[in-house]
Amino acid sequence: ANIGGNTISGNGTNPNSLFGYFGVLISSASATLVGNNSITGNNGSGVLVERSSVRIGNPSFGLPITNVITGNGATLLPNAATGGIFGNQGSSLQIQGATINGNTGNGVFLLFQSNARMYDSTVSNNSGNGIFLVQGAALLLQNPVVTVTGNTLFGLECGGTESSFTGNTSGISGNTGGQVSL
């Protein structure tokens, strides 16, 4: 699927829905959020990726590559791991030109051996970590630098010894809990 030039907003208002909480759910598939998308105000994660490969931002389509993922969070699911982008169960993400801010929870959360390559993006003012890696997740931060600032917890947190990151962390600053966790 190629998704571009859309507003995806307000999902998750029905408490009886099993899967309607997310802005975009990609499960066992491949997709590109081309650009010029606004994913906002969803009660679950703005983008949930499970067992999938997703590219966020692709200049090949002639649209602006910026995807704005803001104001998403766990209103109806207060204990769920929600927020901006959630990569789960071995997913692979490439994130370019994204603005991920003001989400309830983590800006980017990678879990269960998911991985991401990020560049030229901003992760700011989320109520959890800017970027959170858990249980074998991996992150590559490339240039142009990723700006991670104003998040309530860490800018970048590795949960457990199995997760790892590499690359340019110079854009991580001004986060309340610290910049990069030990």
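**Exercise 1.** Which strands make up the open sheet of six strands, and in what order do they stand?

*Solution.* The structure is a predicted model, and the strand order is read from its pairings. In the open sheet of six strands the order runs β2-β5-β8-β11-β14-β17, and the pairing is parallel. The edges are taken by β2 (7-9) and β17 (147-149), each of which has a single partner strand, so one side of each is left without a neighbour in the sheet. Direction ignored, neighbouring strands of this sheet are turned by 5° against each other on average.

**Exercise 2.** Take one neighbouring pair from that sheet, strand β11 and strand β14, and state how many bridges join them and which residue of β14 stands opposite N101.

*Solution.* Strand β11 covers residues 98-101 and strand β14 covers residues 122-124; the two pair in the parallel sense over three bridges. Within this pair, the residue of β14 that N101 faces is S124.

**Exercise 3.** Describe the open sheet of seven strands, and name the strands that stand at its edges.

*Solution.* The order in this open sheet is β1-β4-β7-β10-β13-β16-β19, again with parallel pairing. Because β1 (2-4) and β19 (164-167) stand at the edges with a single partner strand each, one side of each is left without a neighbour in the sheet. The average turn of neighbouring strands against each other is 10° here, direction ignored. As an example of a pair, strand β13 (residues 115-119) is joined in the parallel sense to strand β16 (residues 138-141) over four bridges, and A116 stands opposite L139 of β16.

**Exercise 4.** Locate S30 within the strands, and find which residues it touches when those up to four places away in sequence are not counted.

*Solution.* S30 lies in strand β4, which spans residues 30-35, and β4 is one of the strands of the seven-stranded open sheet. With heavy atoms within 4.5 Å taken as contact, and with residues up to four places away in sequence left out, S30 touches A1 and S53. For a separation along the chain, consider Q135, which is 105 residues from S30: the C-alpha atoms of these two residues are 23 Å apart.

**Exercise 5.** Follow the pairings of strand β18, and name the partner strands and the residues that stand opposite each other.

*Solution.* Strand β18 (residues 154-159) is joined to strand β15 (residues 131-134) by four bridges, and the two run parallel; here F132 stands opposite E157 in β18. Strand β18 is also joined to strand β20 (residues 178-180), by two bridges and likewise in parallel, and in this pairing L156 stands opposite V180 in β20.

Definitions and conventions. Residues are numbered from 1 along each chain as its sequence is written. This is a predicted model: local features need pLDDT of at least 70, side-chain atom pairs count only at pLDDT 80 or more; totals for chains, interfaces and linings use all residues. Side-chain values use heavy atoms; hydrogens and water are left out. Two strands pair if DSSP finds at least two bridges between them. Axes are lines fitted to C-alpha atoms, for helices over the stretch in contact, and angles run from 0 to 180 degrees between N-to-C directions.
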